[in-house]
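The exercises below are meant to be worked with the sequence and the model side by side. Try each task before reading its solution.

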Amino acid sequence: AVGAVGGGGAVVHWLGQSRGPLPAQTTCAEAPEARGTMPNRVNGCSPPYNMKQAIFVGMSAVLTILFSSLVYHFSTSRSEEVPLPHHGLYIALVYPYIAATIFGTFCWAYITVTDPSEQTCFGNCLPDDDPKWTVPQYVREHNRRIPGRDHFCPWLNVAIGRANYIPFFVLTVCGVIESFIQVIFCSLLLTLWHDCLVSRVNTATDPRGLVFQVLIVITIFMAVAFGISYTMLLQFHILLISTHESTYSYYIKAQKAYREQQLGIASEPHQEEPAPLLQSTFPQAEPLHDSYGATETGEFPGSESASPFDSGSGGHSGQVEVELAPVSSSSSGSRGRLPVAVQ
């Protein structure tokens with residue numbers, strides 16, 4: 001795997017020999033409107049670098065070295081004294097892991113040192129009559145147009161397009177295989193091969209091999225994190241291949257659909273139900289009386305026949321008519337008073 005990193009740069013020019021120039025529409029010219037705004041980055045090794053690239057390279061190297069060291073120490077320590085049960089399962093996991101690590105490291109090195117705007121043998125494996133892989137599109141980080149641009153990968157710090165999409169996809173597949181094997185192998189070390197592990201790696205200061213087992217647990221957590229990321233990335237690109245879209249076009253279409261959905265929701269009239277009438281109960285007010293004791297209805301309190309006007313000479317029948325004057329306001333702002341009985 002380490003040799004593949006060093007040899008990746010040496011074979012780039014050999015792999016760059018292609019069948020001939022791409023169609024005229026794939027000529028990669030520098031975008032005139034963006035000249036001078038961004039450095040002309042050539043590949044993933046060109047500055048400026050970013051934190052995600054350092055995290056990916058560093059954590060991948062730590063995980064690979066840690067797992068390989070654990071497997072090597074477990075495989076070589078007292079192997080003749082303590083036989084390994086289920087040796088066929090061991091072979092079925094170790095050799096595919098070695099192959100995936102070599103292929104994945106080579107693909108990473110190839111992507112990192114290759115200019116995505118150049119023609120490569122991997123790019124020639126893609127159809128020449130498909131606009132998805134032939135139309136050059138501008139990439140701000142490279143300050144140039146990249147044929148078949150899919151996206152700019154910050155973890156590799158390089159644009160992914162026609163020239164390097166196949167190595168990128170293979171790298172993703174190898175990452176999934178490596179992560180799954182790491183998790184499965186370490187889990188077997190703690191379960192099926194636990195007794196054999198303790199017998200092989202125990203020392204006088206650590207008779208139970210606890211340090212070794214702690215390192216295995218750390219490896220499992222790291223491998224699970226990488227495995228989830230690689231698996232999600234692989235599923236997404238399988239979806240893109242099946243729908244014949246690029247990463248940029250997929251996200252642009254998704255954002256457009258989201259905006260249209262939001263605008264549709266905002267434009268819909270709000271059909272609110274009318275609020276129910278408030279059923280408030282007010283205290284019953286006492287009837288208002290005039291100076292003679294008559295209410296607004298003209299009835300006198302007390303008995304129905306009693307009235308201050310029933311003196312025998314007036315001819316009144318106990319009913320008076322009360323005239324309510326309208327409310328008026330003077331120029332000074334004073335208000336008239338209108339007695340009202342509120343129920």
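**Exercise 1.** Locate asparagine 143 among the secondary-structure elements, state the sign of its phi, and decide whether the residue is buried or exposed.

*Solution.* Asparagine 143 sits in the loop that connects β1 (136-139) with β2 (144-147). In this predicted model, its phi is near 55°, which is a positive value in a residue that is not glycine. As a background to that value, most residues other than glycine have a negative phi. For the last step, a residue counts as buried when its relative accessible area is under 20%; asparagine 143 has a relative accessible area of 1%, and is therefore buried.

**Exercise 2.** Carry out the analysis for histidine 86: which loop holds this residue, what is its phi, and how is its accessibility classified?

*Solution.* Histidine 86 belongs to the loop between α3 and α4 (87-113). Its phi is near 55°, again a positive value in a residue other than glycine. The relative accessible area of histidine 86 is 48%, so the residue is classified as partly exposed, given that the class lies between the buried limit of 20% and the exposed limit of 50%.

**Exercise 3.** Describe the surroundings of leucine 84, beginning with its place in the chain and ending with the residues that it touches.

*Solution.* Leucine 84 is located in the loop between α3 and α4. With a relative accessible area of 13%, leucine 84 is buried. When residues up to four places away in sequence are left aside, leucine 84 touches Phe74, Tyr90, Trp193, Cys196 and Arg200. One of these partners, tryptophan 193, is 109 residues away along the chain, yet the C-alpha atoms of leucine 84 and tryptophan 193 are separated by 7.6 Å.

**Exercise 4.** Find which two residues are joined by a cis peptide bond, and place the second of them in its loop.

*Solution.* The cis peptide bond joins proline 47 and proline 48, with omega about 5°. Proline 48 lies in the loop between α2 (12-15) and α3 (51-76).

**Exercise 5.** Summarise the whole chain: how many helices and strands are there, in what order do they run, and what percentage of residues is buried?

*Solution.* The protein has nine helices and four strands, which follow the order α-α-α-α-α-β-β-β-β-α-α-α-α from the N terminus. Of its 343 residues, 36% count as buried. Among contacts between residues at least 6 apart in sequence, 70% join residues at least 24 apart.

Note on methods. Residues are numbered from 1 along each chain as its sequence is written. This is a predicted model: local features need pLDDT of at least 70, side-chain atom pairs count only at pLDDT 80 or more; totals for chains, interfaces and linings use all residues. Side-chain values use heavy atoms; hydrogens and water are left out. Helices (H or I, at least four residues) and strands (E, at least two) are DSSP runs, numbered from the N terminus. Buried means under 20% relative accessible area, exposed over 50%, partly exposed in between (1.4 Å probe, protein chains only). Contact means heavy atoms within 4.5 Å.
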